[in-house]
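Colleague: Got a minute to go through this model with me? I'd like to talk it over piece by piece.

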Amino acid sequence: MSLFKTRDWWHVRGRGHGKGCPVANIDNDPSGQAKIVTGSFAGFLRVYLPRDRGYKAEDLLLETELEGGPVLGLAAGRFTGSGGLQMAVLHPRKLTVYNLQAQVMPFHAGAGSWVNAVSLTP
């Protein structure tokens, strides 16, 4: 018997995700909202901001194919002296640190936004 009951609140269908799924304010947004970051064995990095129950296309803030091959692991932290959180991505032969920056769509009537990935390591 368990004291806790778990229930799926939000999920996205996908396959081939690497280990780790950081949940953090990875783009250093002043609102402090936590995002979900996933990496795939196909080399894709995705950042999600779930707003409601169930996946919607607007939940995906970033989907980009990274150089370096499959994503084996992800970690969020302060890896450089630039301040704020960065994303460390482990590939088979290298470790790359990215600074993720929030961007706002000024032409969009709603609160639309996306995230831009900038590599901090060669």
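**Strands and burial**

Modeller: Sure, and keep in mind that this is a predicted model. Let's begin with β2, which is covered on both faces: Lys35, Val37 and Gly39 are buried on one side, and Ile36 and Thr38 are buried on the other.

Colleague: So how many of the five residues of β2 are buried?

Modeller: The strand covers residues 35-39. Buried here means under 20% relative accessible area. The strand is largely enclosed by the rest of the structure, because the buried count is five of the five.

Colleague: Which sheet order does the model show for the open sheet of four strands?

Modeller: The pairing in this open sheet is antiparallel. Two bridges join β1 to β2, and four join β2 to β3. Between β3 and β4 there are five bridges. Put together, the order is β1-β2-β3-β4.

Colleague: Then which strands stand at the edges, each with a single partner strand?

Modeller: In the order β1-β2-β3-β4, look at the two ends. Each edge strand has a single partner, so one side of it is left without a neighbour in the sheet. The edge strands are β1 (23-24) and β4 (60-65).

Colleague: What is the phi of glycine 43 in the turn?

Modeller: β2 and β3 form a hairpin, with four residues between them. Glycine 43 sits in that turn, and its phi is positive, at about 95 degrees.

Colleague: Which residue in β3 is the bridge partner of glycine 39?

Modeller: Glycine 39 is one of the buried residues of β2. The two strands run antiparallel, with four bridges joining them. On the β3 side, the partner of glycine 39 is leucine 45.

Colleague: And on the other pairings, which residue in β4 stands opposite tyrosine 48?

Modeller: Strand β3 spans residues 44-48 and runs antiparallel to β4. For comparison, in the β1 and β2 pair alanine 24 stands opposite lysine 35. For tyrosine 48, the residue opposite is leucine 60.

Colleague: Zooming out, how many helices and strands are in the protein chain?

Modeller: Reading from the N terminus, the elements run β-β-β-β-β-β-β-β. The count is zero helices and eight strands.

Colleague: What share of the accessible surface belongs to carbon and sulfur atoms?

Modeller: Buried residues make up 34% of the 122 residues in the protein chain. The accessible surface comes to about 8000 Å². Of that surface, the carbon and sulfur share is 55%.

Notes:
Residues are numbered from 1 along each chain as its sequence is written. This is a predicted model: local features need pLDDT of at least 70, side-chain atom pairs count only at pLDDT 80 or more; totals for chains, interfaces and linings use all residues. Side-chain values use heavy atoms; hydrogens and water are left out. Buried means under 20% relative accessible area, exposed over 50%, partly exposed in between (1.4 Å probe, protein chains only). Accessible areas come from the Shrake-Rupley method with a 1.4 Å probe; for residues, only the protein chains shown count as cover. Two strands pair if DSSP finds at least two bridges between them.
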